[in-house]
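Me: I would like a close examination of a single strand in this model, followed by an account of selected sites elsewhere in the chain. Please set it out as one connected description, with the numerical values included.

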Amino acid sequence: MSGFVQRVMALTKRPGQTFGFFLRAEQGEAGHLVRCLDMGGAAELAGMRDGDRILRVNGTFVDDLPHQRVVELVKERGVSVTFSVIDAASYERAKTEGVDLSVTHPRPPAVAAGGVLAALGPAGTPRLCYLVKASAGYGFSLRSVLGELGVFLTQVSSGGVAERAGARTNDRLLEVNGASVEQATHEQVVERIRVADDALMFLLVDEDTYRYYQTNQMKVGAGLATVKHLPHQPRIVYLTKGPEGYGFLLREDPKTKAHLIKDVDVGSPARRGGLVDGDRLVAVDGAALESQSHEAAVEHIRRAGGACCLLVVDPDTDRMYKMAGVSPMLYWEETKGSASPPSYSDAIHLPAPPRPAPLKPKLCKMQKTSAGYGFHINGIRGVCGQHIEEVVQGGAADRAGLQDGDVVVEVNSVNVESSAHEEVVALVHRSGASLELLVASQRVYDRLRARGAPITPTLLGPGPRVQTQATVEEGFTVNHLPSKCANMIINRIEP
(Lines give C-alpha, C1' and ligand atoms only; values in the text may rest on other atoms or scores of the structure.)
Protein backbone atom coordinates (compact mmCIF):
# COMPACT_ATOMS: atom_id res chain seq x y z
CA MET A 1 0.00 0.00 0.00
CA SER A 2 3.03 2.22 -0.16
CA GLY A 3 1.70 3.70 -3.39
CA PHE A 4 -1.09 5.49 -1.50
CA VAL A 5 1.06 7.58 0.84
CA GLN A 6 -0.04 11.21 0.90
CA ARG A 7 2.56 13.97 0.97
CA VAL A 8 1.96 16.99 3.15
CA MET A 9 3.56 20.34 2.36
CA ALA A 10 3.05 23.85 3.71
CA LEU A 11 3.51 26.58 1.11
CA THR A 12 4.04 30.25 1.87
CA LYS A 13 4.09 33.09 -0.62
CA ARG A 14 4.67 36.81 -0.41
CA PRO A 15 1.71 39.14 -0.98
CA GLY A 16 1.12 39.60 -4.70
CA GLN A 17 2.98 36.41 -5.61
CA THR A 18 1.68 32.91 -6.38
CA PHE A 19 2.44 29.46 -4.96
CA GLY A 20 4.05 28.56 -8.27
CA PHE A 21 1.50 26.19 -9.84
CA PHE A 22 -1.91 26.06 -11.50
CA LEU A 23 -4.79 24.15 -9.90
CA ARG A 24 -6.90 22.67 -12.67
CA ALA A 25 -9.89 20.47 -13.40
CA GLU A 26 -9.48 18.76 -16.78
CA GLN A 27 -11.94 16.95 -18.98
CA GLY A 28 -11.39 13.20 -18.79
CA GLU A 29 -9.23 13.51 -15.65
CA ALA A 30 -10.58 12.97 -12.12
CA GLY A 31 -9.52 15.13 -9.21
CA HIS A 32 -7.94 18.54 -8.75
CA LEU A 33 -4.68 18.54 -10.71
CA VAL A 34 -1.37 20.32 -10.18
CA ARG A 35 -0.16 21.78 -13.47
CA CYS A 36 2.39 24.27 -14.86
CA LEU A 37 4.80 24.28 -11.93
CA ASP A 38 7.19 27.23 -11.84
CA MET A 39 10.76 25.97 -11.72
CA GLY A 40 12.18 27.07 -8.39
CA GLY A 41 8.76 28.16 -7.15
CA ALA A 42 7.37 27.38 -3.71
CA ALA A 43 5.39 24.36 -4.91
CA GLU A 44 8.22 22.83 -6.93
CA LEU A 45 10.72 23.30 -4.11
CA ALA A 46 8.30 21.70 -1.65
CA GLY A 47 8.09 18.57 -3.82
CA MET A 48 4.90 19.01 -5.85
CA ARG A 49 4.95 17.32 -9.26
CA ASP A 50 2.96 17.81 -12.44
CA GLY A 51 -0.19 15.69 -12.33
CA ASP A 52 -0.31 15.42 -8.52
CA ARG A 53 -3.83 15.48 -7.11
CA ILE A 54 -4.76 17.82 -4.26
CA LEU A 55 -6.54 15.81 -1.55
CA ARG A 56 -6.62 18.28 1.36
CA VAL A 57 -6.40 22.03 1.81
CA ASN A 58 -5.53 22.96 5.41
CA GLY A 59 -6.90 19.63 6.61
CA THR A 60 -10.18 19.82 4.65
CA PHE A 61 -10.67 16.81 2.35
CA VAL A 62 -11.41 18.31 -1.07
CA ASP A 63 -11.35 15.42 -3.54
CA ASP A 64 -15.15 15.27 -3.51
CA LEU A 65 -15.68 19.06 -3.62
CA PRO A 66 -16.46 21.14 -6.74
CA HIS A 67 -13.30 22.57 -8.28
CA GLN A 68 -14.35 26.18 -7.78
CA ARG A 69 -14.85 25.55 -4.06
CA VAL A 70 -11.33 24.13 -3.80
CA VAL A 71 -9.95 27.25 -5.48
CA GLU A 72 -11.87 29.39 -3.00
CA LEU A 73 -10.48 27.42 -0.04
CA VAL A 74 -6.94 28.11 -1.24
CA LYS A 75 -7.65 31.82 -1.75
CA GLU A 76 -9.29 32.14 1.66
CA ARG A 77 -6.10 31.08 3.44
CA GLY A 78 -4.07 33.98 2.03
CA VAL A 79 -0.30 33.67 1.96
CA SER A 80 0.08 30.28 3.71
CA VAL A 81 -1.66 27.03 2.80
CA THR A 82 -1.03 23.40 3.77
CA PHE A 83 -1.69 20.87 0.98
CA SER A 84 -1.96 17.08 1.05
CA VAL A 85 -1.21 15.60 -2.36
CA ILE A 86 -0.82 12.20 -4.00
CA ASP A 87 0.93 11.31 -7.25
CA ALA A 88 -1.12 10.69 -10.38
CA ALA A 89 -0.47 6.95 -10.71
CA SER A 90 -1.36 6.25 -7.07
CA TYR A 91 -4.49 8.40 -7.35
CA GLU A 92 -5.77 6.52 -10.40
CA ARG A 93 -4.99 3.16 -8.82
CA ALA A 94 -6.74 4.14 -5.58
CA LYS A 95 -9.84 5.14 -7.52
CA THR A 96 -9.80 1.85 -9.43
CA GLU A 97 -9.49 -0.19 -6.22
CA GLY A 98 -12.05 1.84 -4.30
CA VAL A 99 -9.58 2.99 -1.65
CA ASP A 100 -10.83 5.70 0.69
CA LEU A 101 -8.42 8.60 0.24
CA SER A 102 -10.08 10.72 2.92
CA VAL A 103 -7.91 9.02 5.56
CA THR A 104 -4.23 9.79 6.01
CA HIS A 105 -3.03 6.22 5.41
CA PRO A 106 -5.66 4.85 2.99
CA ARG A 107 -6.99 1.36 3.56
CA PRO A 108 -10.26 -0.43 2.86
CA PRO A 109 -13.26 0.29 5.10
CA ALA A 110 -13.56 -3.36 6.11
CA VAL A 111 -11.91 -6.77 5.69
CA ALA A 112 -13.10 -10.30 6.20
CA ALA A 113 -11.88 -11.68 9.50
CA GLY A 114 -12.97 -15.15 10.54
CA GLY A 115 -16.03 -14.90 8.28
CA VAL A 116 -17.13 -11.66 9.99
CA LEU A 117 -16.79 -8.22 8.40
CA ALA A 118 -14.63 -6.31 10.86
CA ALA A 119 -13.90 -2.60 10.52
CA LEU A 120 -10.24 -1.64 10.47
CA GLY A 121 -9.72 0.93 13.20
CA PRO A 122 -6.38 1.77 14.80
CA ALA A 123 -5.51 -1.94 14.86
CA GLY A 124 -5.38 -1.83 11.05
CA THR A 125 -2.22 0.30 10.97
CA PRO A 126 1.27 -1.24 10.92
CA ARG A 127 3.32 -0.20 13.94
CA LEU A 128 6.96 0.66 14.51
CA CYS A 129 7.85 -0.45 18.03
CA TYR A 130 11.13 0.20 19.84
CA LEU A 131 12.07 -2.29 22.56
CA VAL A 132 14.88 -1.77 25.07
CA LYS A 133 15.84 -4.97 26.87
CA ALA A 134 15.14 -5.08 30.61
CA SER A 135 16.59 -7.43 33.21
CA ALA A 136 13.61 -9.73 32.63
CA GLY A 137 14.10 -9.66 28.86
CA TYR A 138 11.82 -8.22 26.20
CA GLY A 139 8.62 -9.76 27.52
CA PHE A 140 7.49 -11.82 24.52
CA SER A 141 8.02 -15.16 22.76
CA LEU A 142 7.98 -16.08 19.06
CA ARG A 143 5.88 -18.70 17.35
CA SER A 144 5.62 -19.95 13.80
CA VAL A 145 3.68 -22.62 11.88
CA LEU A 146 5.65 -25.55 10.47
CA GLY A 147 5.88 -25.33 6.70
CA GLU A 148 4.54 -21.73 6.52
CA LEU A 149 6.35 -18.43 6.31
CA GLY A 150 5.74 -15.92 9.03
CA VAL A 151 6.81 -15.38 12.62
CA PHE A 152 4.38 -14.09 15.24
CA LEU A 153 4.64 -12.61 18.72
CA THR A 154 3.09 -14.63 21.50
CA GLN A 155 3.00 -14.52 25.29
CA VAL A 156 3.36 -10.74 25.33
CA SER A 157 3.73 -10.02 29.04
CA SER A 158 1.29 -7.57 30.56
CA GLY A 159 3.23 -4.41 31.44
CA GLY A 160 6.40 -5.83 29.90
CA VAL A 161 8.81 -4.13 27.51
CA ALA A 162 7.06 -5.35 24.36
CA GLU A 163 3.56 -4.37 25.46
CA ARG A 164 4.68 -0.93 26.56
CA ALA A 165 6.32 -0.50 23.16
CA GLY A 166 3.01 -1.16 21.38
CA ALA A 167 3.31 -4.88 20.60
CA ARG A 168 0.35 -7.25 20.94
CA THR A 169 -0.04 -11.02 21.06
CA ASN A 170 -0.39 -12.57 17.57
CA ASP A 171 1.20 -9.60 15.79
CA ARG A 172 3.07 -10.64 12.66
CA LEU A 173 6.74 -9.60 12.74
CA LEU A 174 7.72 -8.04 9.40
CA GLU A 175 11.01 -6.26 10.08
CA VAL A 176 13.77 -6.33 12.69
CA ASN A 177 15.98 -3.25 12.87
CA GLY A 178 14.92 -2.14 9.39
CA ALA A 179 15.54 -5.51 7.71
CA SER A 180 12.68 -7.62 6.35
CA VAL A 181 12.08 -11.02 7.98
CA GLU A 182 8.91 -11.93 6.03
CA GLN A 183 10.76 -14.67 4.16
CA ALA A 184 12.98 -15.72 7.08
CA THR A 185 12.65 -18.94 9.01
CA HIS A 186 11.88 -19.07 12.71
CA GLU A 187 15.50 -19.84 13.51
CA GLN A 188 16.79 -16.96 11.38
CA VAL A 189 14.55 -14.46 13.16
CA VAL A 190 15.59 -15.73 16.57
CA GLU A 191 19.25 -15.40 15.61
CA ARG A 192 18.75 -11.86 14.27
CA ILE A 193 17.23 -10.85 17.60
CA ARG A 194 19.92 -12.64 19.59
CA VAL A 195 22.85 -10.91 17.91
CA ALA A 196 21.29 -7.45 18.18
CA ASP A 197 22.30 -5.09 20.96
CA ASP A 198 19.97 -4.53 23.87
CA ALA A 199 17.50 -2.63 21.67
CA LEU A 200 15.21 -3.74 18.85
CA MET A 201 13.08 -1.96 16.27
CA PHE A 202 10.11 -4.08 15.14
CA LEU A 203 7.65 -3.51 12.34
CA LEU A 204 4.46 -5.27 13.41
CA VAL A 205 0.99 -5.67 11.90
CA ASP A 206 -2.16 -7.51 12.90
CA GLU A 207 -3.05 -10.53 10.77
CA ASP A 208 -6.30 -9.18 9.29
CA THR A 209 -4.56 -6.14 7.85
CA TYR A 210 -1.70 -8.27 6.56
CA ARG A 211 -4.12 -10.55 4.71
CA TYR A 212 -5.78 -7.61 3.04
CA TYR A 213 -2.45 -6.34 1.76
CA GLN A 214 -1.54 -9.78 0.45
CA THR A 215 -4.90 -10.22 -1.28
CA ASN A 216 -4.41 -6.91 -3.08
CA GLN A 217 -0.75 -7.65 -3.88
CA MET A 218 0.49 -4.71 -1.81
CA LYS A 219 3.58 -4.78 0.36
CA VAL A 220 3.46 -3.64 3.97
CA GLY A 221 6.48 -1.43 4.54
CA ALA A 222 7.73 0.69 7.41
CA GLY A 223 6.81 3.77 5.40
CA LEU A 224 3.14 2.98 6.08
CA ALA A 225 3.51 2.48 9.81
CA THR A 226 2.43 4.72 12.63
CA VAL A 227 5.30 6.12 14.67
CA LYS A 228 3.17 7.15 17.65
CA HIS A 229 4.57 4.32 19.81
CA LEU A 230 8.20 5.39 19.44
CA PRO A 231 9.66 6.92 22.64
CA HIS A 232 11.63 9.63 20.80
CA GLN A 233 9.92 11.87 18.24
CA PRO A 234 10.97 14.61 15.83
CA ARG A 235 10.03 18.18 16.76
CA ILE A 236 8.04 20.65 14.70
CA VAL A 237 9.44 24.11 15.43
CA TYR A 238 7.64 27.29 14.36
CA LEU A 239 9.89 30.35 14.04
CA THR A 240 9.17 34.00 13.37
CA LYS A 241 12.21 35.98 12.29
CA GLY A 242 13.47 38.67 14.66
CA PRO A 243 15.45 41.82 13.81
CA GLU A 244 18.69 39.80 13.81
CA GLY A 245 17.22 36.86 11.91
CA TYR A 246 16.30 33.47 13.36
CA GLY A 247 19.40 33.22 15.53
CA PHE A 248 21.11 30.02 14.36
CA LEU A 249 23.53 28.76 11.75
CA LEU A 250 22.95 25.85 9.38
CA ARG A 251 26.04 23.70 8.82
CA GLU A 252 26.60 20.73 6.55
CA ASP A 253 28.25 17.67 8.07
CA PRO A 254 31.20 16.93 5.75
CA LYS A 255 30.80 13.16 6.11
CA THR A 256 27.06 12.56 6.23
CA LYS A 257 25.97 15.71 4.34
CA ALA A 258 23.33 16.22 7.04
CA HIS A 259 22.03 19.75 7.65
CA LEU A 260 22.87 20.53 11.29
CA ILE A 261 21.66 23.33 13.57
CA LYS A 262 24.61 25.13 15.14
CA ASP A 263 25.37 28.23 17.25
CA VAL A 264 21.84 28.87 18.54
CA ASP A 265 21.88 32.39 20.00
CA VAL A 266 20.63 32.94 23.56
CA GLY A 267 17.27 34.70 23.54
CA SER A 268 16.83 34.27 19.79
CA PRO A 269 13.67 33.04 18.03
CA ALA A 270 15.51 29.75 17.43
CA ARG A 271 16.25 29.28 21.14
CA ARG A 272 12.73 30.27 22.16
CA GLY A 273 11.32 27.90 19.55
CA GLY A 274 13.29 24.98 21.00
CA LEU A 275 16.15 24.49 18.55
CA VAL A 276 19.27 22.94 20.09
CA ASP A 277 22.83 22.75 18.83
CA GLY A 278 23.28 19.42 17.04
CA ASP A 279 19.68 19.05 15.87
CA ARG A 280 19.42 17.76 12.30
CA LEU A 281 17.16 19.75 9.98
CA VAL A 282 14.85 17.37 8.12
CA ALA A 283 12.35 19.66 6.40
CA VAL A 284 11.38 23.30 5.93
CA ASP A 285 7.68 24.10 5.52
CA GLY A 286 6.96 20.48 4.68
CA ALA A 287 9.68 20.18 2.02
CA ALA A 288 12.06 17.29 2.77
CA LEU A 289 15.76 18.22 2.67
CA GLU A 290 17.42 14.86 3.22
CA SER A 291 18.37 14.42 -0.44
CA GLN A 292 18.99 18.11 -1.12
CA SER A 293 22.22 20.08 -1.09
CA HIS A 294 23.19 22.47 1.65
CA GLU A 295 22.61 25.40 -0.71
CA ALA A 296 19.09 24.17 -1.44
CA ALA A 297 18.35 23.86 2.29
CA VAL A 298 19.50 27.42 2.91
CA GLU A 299 17.39 28.61 -0.03
CA HIS A 300 14.28 26.96 1.44
CA ILE A 301 14.74 28.93 4.65
CA ARG A 302 15.46 32.16 2.77
CA ARG A 303 12.34 31.81 0.61
CA ALA A 304 10.18 31.30 3.71
CA GLY A 305 10.46 35.01 4.42
CA GLY A 306 9.67 36.14 7.94
CA ALA A 307 8.39 32.84 9.31
CA CYS A 308 9.09 29.16 8.77
CA CYS A 309 8.22 25.74 10.11
CA LEU A 310 11.13 23.35 10.71
CA LEU A 311 11.12 19.60 11.28
CA VAL A 312 14.19 18.62 13.33
CA VAL A 313 15.51 15.57 15.16
CA ASP A 314 17.97 15.32 18.02
CA PRO A 315 20.74 12.68 17.78
CA ASP A 316 18.81 10.03 19.77
CA THR A 317 15.69 10.42 17.63
CA ASP A 318 17.81 10.44 14.48
CA ARG A 319 19.44 7.13 15.41
CA MET A 320 16.04 5.58 16.21
CA TYR A 321 14.51 6.50 12.86
CA LYS A 322 17.62 5.32 11.01
CA MET A 323 17.34 2.05 12.93
CA ALA A 324 13.83 1.67 11.54
CA GLY A 325 15.00 2.58 8.05
CA VAL A 326 12.46 5.39 7.69
CA SER A 327 12.62 9.15 7.34
CA PRO A 328 11.39 11.43 10.14
CA MET A 329 9.08 12.82 7.43
CA LEU A 330 6.84 9.90 8.40
CA TYR A 331 6.16 11.73 11.66
CA TRP A 332 5.41 14.94 9.73
CA GLU A 333 2.92 13.17 7.47
CA GLU A 334 1.20 11.47 10.39
CA THR A 335 1.03 14.68 12.44
CA LYS A 336 0.18 17.18 9.73
CA GLY A 337 -2.14 14.85 7.84
CA SER A 338 -4.61 14.34 10.67
CA ALA A 339 -8.28 15.06 10.12
CA SER A 340 -8.06 18.63 11.37
CA PRO A 341 -4.44 19.83 11.35
CA PRO A 342 -3.60 23.45 12.16
CA SER A 343 -2.90 25.68 9.20
CA TYR A 344 0.72 26.64 8.88
CA SER A 345 0.37 30.33 9.63
CA ASP A 346 -1.97 29.76 12.60
CA ALA A 347 0.38 27.16 14.04
CA ILE A 348 3.23 29.67 14.10
CA HIS A 349 1.39 31.54 16.82
CA LEU A 350 -0.81 28.77 18.23
CA PRO A 351 1.18 25.53 18.38
CA ALA A 352 -1.48 24.14 20.76
CA PRO A 353 -4.76 22.81 19.24
CA PRO A 354 -5.46 25.46 16.64
CA ARG A 355 -8.04 28.20 16.89
CA PRO A 356 -7.11 30.99 14.44
CA ALA A 357 -6.30 34.25 16.19
CA PRO A 358 -8.45 37.23 15.12
CA LEU A 359 -6.94 39.43 12.45
CA LYS A 360 -6.99 42.67 14.42
CA PRO A 361 -4.43 45.42 15.00
CA LYS A 362 -3.80 46.94 18.44
CA LEU A 363 -4.39 50.54 19.49
CA CYS A 364 -1.85 51.30 22.20
CA LYS A 365 -2.04 54.55 24.19
CA MET A 366 0.70 55.48 26.59
CA GLN A 367 1.94 58.32 28.78
CA LYS A 368 5.66 58.92 28.93
CA THR A 369 7.28 58.20 32.30
CA SER A 370 10.62 59.27 33.75
CA ALA A 371 12.10 56.26 31.91
CA GLY A 372 10.55 57.34 28.60
CA TYR A 373 8.24 55.16 26.56
CA GLY A 374 10.49 52.12 26.69
CA PHE A 375 10.79 50.90 23.10
CA HIS A 376 12.77 51.32 19.89
CA ILE A 377 11.50 52.10 16.41
CA ASN A 378 13.50 50.19 13.81
CA GLY A 379 13.57 51.11 10.15
CA ILE A 380 15.79 51.37 7.10
CA ARG A 381 16.67 54.87 5.91
CA GLY A 382 14.55 55.81 2.89
CA VAL A 383 12.47 52.60 3.05
CA CYS A 384 8.85 52.47 4.21
CA GLY A 385 7.81 50.20 7.07
CA GLN A 386 8.72 50.59 10.74
CA HIS A 387 8.82 47.98 13.51
CA ILE A 388 8.70 48.06 17.29
CA GLU A 389 11.75 46.50 18.95
CA GLU A 390 13.34 46.14 22.39
CA VAL A 391 10.19 46.79 24.40
CA VAL A 392 11.28 47.33 28.00
CA GLN A 393 9.53 44.93 30.35
CA GLY A 394 7.21 46.81 32.68
CA GLY A 395 7.68 50.08 30.78
CA ALA A 396 4.93 52.28 29.34
CA ALA A 397 5.06 50.54 25.94
CA ASP A 398 4.96 47.10 27.51
CA ARG A 399 1.95 48.00 29.64
CA ALA A 400 0.24 49.47 26.57
CA GLY A 401 0.53 46.15 24.77
CA LEU A 402 3.40 46.81 22.36
CA GLN A 403 5.49 43.76 21.46
CA ASP A 404 8.77 43.23 19.68
CA GLY A 405 8.20 42.93 15.95
CA ASP A 406 4.91 44.87 15.84
CA VAL A 407 4.47 46.85 12.61
CA VAL A 408 3.67 50.54 13.10
CA VAL A 409 0.54 51.51 11.13
CA GLU A 410 -0.50 54.86 12.64
CA VAL A 411 1.11 57.43 14.92
CA ASN A 412 -1.45 59.65 16.64
CA SER A 413 -4.09 58.74 14.01
CA VAL A 414 -1.71 59.50 11.09
CA ASN A 415 -1.07 56.53 8.78
CA VAL A 416 2.67 55.95 8.39
CA GLU A 417 2.77 52.77 6.31
CA SER A 418 4.15 54.73 3.34
CA SER A 419 6.20 57.15 5.43
CA ALA A 420 9.97 57.14 5.56
CA HIS A 421 11.73 56.37 8.82
CA GLU A 422 12.62 60.01 9.45
CA GLU A 423 8.99 61.08 9.06
CA VAL A 424 7.78 58.51 11.59
CA VAL A 425 10.45 59.57 14.08
CA ALA A 426 9.41 63.21 13.63
CA LEU A 427 5.76 62.36 14.34
CA VAL A 428 6.71 60.58 17.54
CA HIS A 429 9.00 63.46 18.45
CA ARG A 430 6.13 65.94 18.12
CA SER A 431 3.72 63.87 20.19
CA GLY A 432 5.00 65.29 23.45
CA ALA A 433 4.18 63.45 26.64
CA SER A 434 1.50 61.12 25.26
CA LEU A 435 1.52 58.77 22.33
CA GLU A 436 -1.04 56.66 20.50
CA LEU A 437 0.14 53.92 18.15
CA LEU A 438 -1.90 51.63 15.93
CA VAL A 439 0.22 48.51 15.40
CA ALA A 440 -0.19 44.94 14.18
CA SER A 441 1.89 41.82 14.56
CA GLN A 442 3.79 40.88 11.41
CA ARG A 443 1.46 37.92 10.88
CA VAL A 444 -1.70 40.00 11.17
CA TYR A 445 -0.24 42.77 9.03
CA ASP A 446 0.77 40.38 6.23
CA ARG A 447 -2.59 38.58 6.28
CA LEU A 448 -4.63 41.80 6.18
CA ARG A 449 -2.48 43.23 3.42
CA ALA A 450 -2.81 39.98 1.42
CA ARG A 451 -6.58 40.43 1.63
CA GLY A 452 -6.34 44.03 0.51
CA ALA A 453 -7.95 45.19 3.75
CA PRO A 454 -7.07 48.67 5.04
CA ILE A 455 -5.70 48.58 8.57
CA THR A 456 -7.61 51.12 10.66
CA PRO A 457 -9.01 51.33 14.21
CA THR A 458 -12.39 50.25 12.84
CA LEU A 459 -11.03 46.68 12.72
CA LEU A 460 -10.86 46.71 16.52
CA GLY A 461 -14.64 46.51 16.82
CA PRO A 462 -16.54 47.56 19.94
CA GLY A 463 -14.28 45.74 22.43
CA PRO A 464 -11.94 47.43 24.93
CA ARG A 465 -8.74 49.04 23.67
CA VAL A 466 -5.39 48.81 25.41
CA GLN A 467 -4.36 51.97 27.28
CA THR A 468 -2.04 52.87 30.13
CA GLN A 469 -1.71 55.86 32.39
CA ALA A 470 1.63 57.02 33.71
CA THR A 471 3.25 60.15 35.05
CA VAL A 472 3.98 62.84 32.46
CA GLU A 473 7.61 63.91 32.37
CA GLU A 474 9.67 66.17 30.16
CA GLY A 475 10.28 65.69 26.43
CA PHE A 476 12.50 63.09 24.83
CA THR A 477 15.38 62.89 22.43
CA VAL A 478 15.95 60.49 19.56
CA ASN A 479 19.33 58.80 19.60
CA HIS A 480 20.76 57.27 16.43
CA LEU A 481 22.66 54.13 17.31
CA PRO A 482 24.92 51.98 15.09
CA SER A 483 23.63 48.71 13.66
CA LYS A 484 25.10 45.66 11.98
CA CYS A 485 22.95 46.36 8.92
CA ALA A 486 24.01 49.06 6.48
CA ASN A 487 21.75 52.14 6.59
CA MET A 488 19.74 50.67 9.49
CA ILE A 489 18.58 53.21 12.06
CA ILE A 490 17.61 52.16 15.56
CA ASN A 491 15.93 54.97 17.46
CA ARG A 492 15.30 54.81 21.17
CA ILE A 493 12.54 56.99 22.55
CA GLU A 494 14.01 58.39 25.76
CA PRO A 495 13.30 61.20 28.24
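Reply: The description below starts with the overall fold, takes up the strand, and then turns to the selected sites.

The model is a predicted one. The protein has 495 residues, of which 49% count as buried. Its secondary structure comes to 14 helices and 28 strands. Among contacts with a sequence separation of 6 or more, 66% are between residues 24 or more positions apart. The accessible surface is about 23200 Å², and carbon and sulfur atoms contribute 52% of that area.

The strand chosen for the close look is S14, which covers residues 199-205. Of its 7 residues, 7 are buried, and S14 is therefore largely enclosed by the rest of the structure. The burial applies to both faces of the strand. Ala 199, Met 201, Leu 203 and Val 205 point one way from S14, while Leu 200, Phe 202 and Leu 204 point the other way, and all of these residues are buried.

S14 has pairing partners in strands S9 and S12. With strand S9 (residues 127-132), S14 pairs in the antiparallel sense over 6 bridges. With strand S12 (residues 172-176), S14 is joined by 4 bridges, and these two strands also run antiparallel. Leu 203 appears in both pairings: Leu 203 is the bridge partner in S14 of Leu 128, and Leu 203 is likewise the bridge partner of Glu 175. The side chain of Leu 203 belongs to the set that points the same way as those of Ala 199, Met 201 and Val 205.

A second buried site is Asp 63, which is placed in the loop between strand S5 (60-61) and helix H2 (67-76). At 13% relative accessibility, Asp 63 falls under the 20% limit and therefore counts as buried. The side chain of Asp 63 takes part in polar contacts with two other side chains. One is with the side chain of Tyr 91, at 2.8 Å, and the other is with the side chain of Lys 95, at 2.7 Å. Apart from neighbours within four places in sequence, the residues in contact with Asp 63 are Gly 31, His 32, Leu 55, Tyr 91 and Lys 95.

Salt bridges form the next topic. Side chains of opposite charge can pair when their charged atoms come close. The structure holds 18 salt bridges, and three are described here. In one of them, Asp 50 is paired with Arg 35, and the closest N and O atoms are 2.8 Å apart. Asp 50 lies in the loop between helix H1 (42-46) and strand S4 (53-57), whereas Arg 35 lies in strand S3 (residues 33-35), so the pair ties together parts that are 15 residues apart in sequence. The two partners fall into separate accessibility classes: Asp 50 counts as partly exposed at 48% relative accessibility, while Arg 35 is buried at 17%. This pair also belongs to a network of salt bridges that links Glu 26, Arg 35 and Asp 50.

The salt bridge between Glu 191 and Arg 194 has its closest N and O atoms 2.7 Å apart. These residues both lie in helix H5 (residues 186-195), where they are 3 residues apart, or about one turn of the helix. Glu 191 has a relative accessible area of 35% and is partly exposed, whereas Arg 194, with 57%, is exposed.

A further salt bridge joins the side chains of Lys 365 and Glu 436, with an N to O distance of 3.6 Å. Lys 365 is in strand S21 (residues 362-367) and Glu 436 is in strand S26 (residues 434-440), so this pair ties together parts that are 71 residues apart in sequence. The relative accessibility of Lys 365 is 27%, which places this residue in the partly exposed class.

The final site is His 387, found in strand S23 (residues 387-389). At 25% relative accessibility, His 387 counts as partly exposed. Its C-alpha atom is 9.1 Å from that of Pro 243, although the two residues are 144 apart in sequence. Beyond neighbours within four places in sequence, His 387 is in contact with His 376, Ile 377, Asn 378, Gly 405, Asp 406, Val 407 and Gln 442.

To return to the strand under examination, S14 is largely enclosed by the rest of the structure, since 7 of its 7 residues are buried.

Note on methods. Residues numbered from 1 in each chain as written. Predicted model: local features only at pLDDT ≥ 70, side-chain atom pairs only at ≥ 80, totals over all residues. Heavy atoms only, no water. Buried < 20%, exposed > 50% of the residue type's maximum accessible area, 1.4 Å probe, protein only. Contact = heavy atoms within 4.5 Å. Areas by Shrake-Rupley, 256 points an atom, 1.4 Å probe, with all protein chains shown as cover. Salt bridge = Lys/Arg side-chain N within 4 Å of Asp/Glu carboxyl O. Polar contact = N/O pair within 3.5 Å; in protein donor to acceptor, adjacent residues only side chain to side chain. Pairing = 2+ DSSP bridges.
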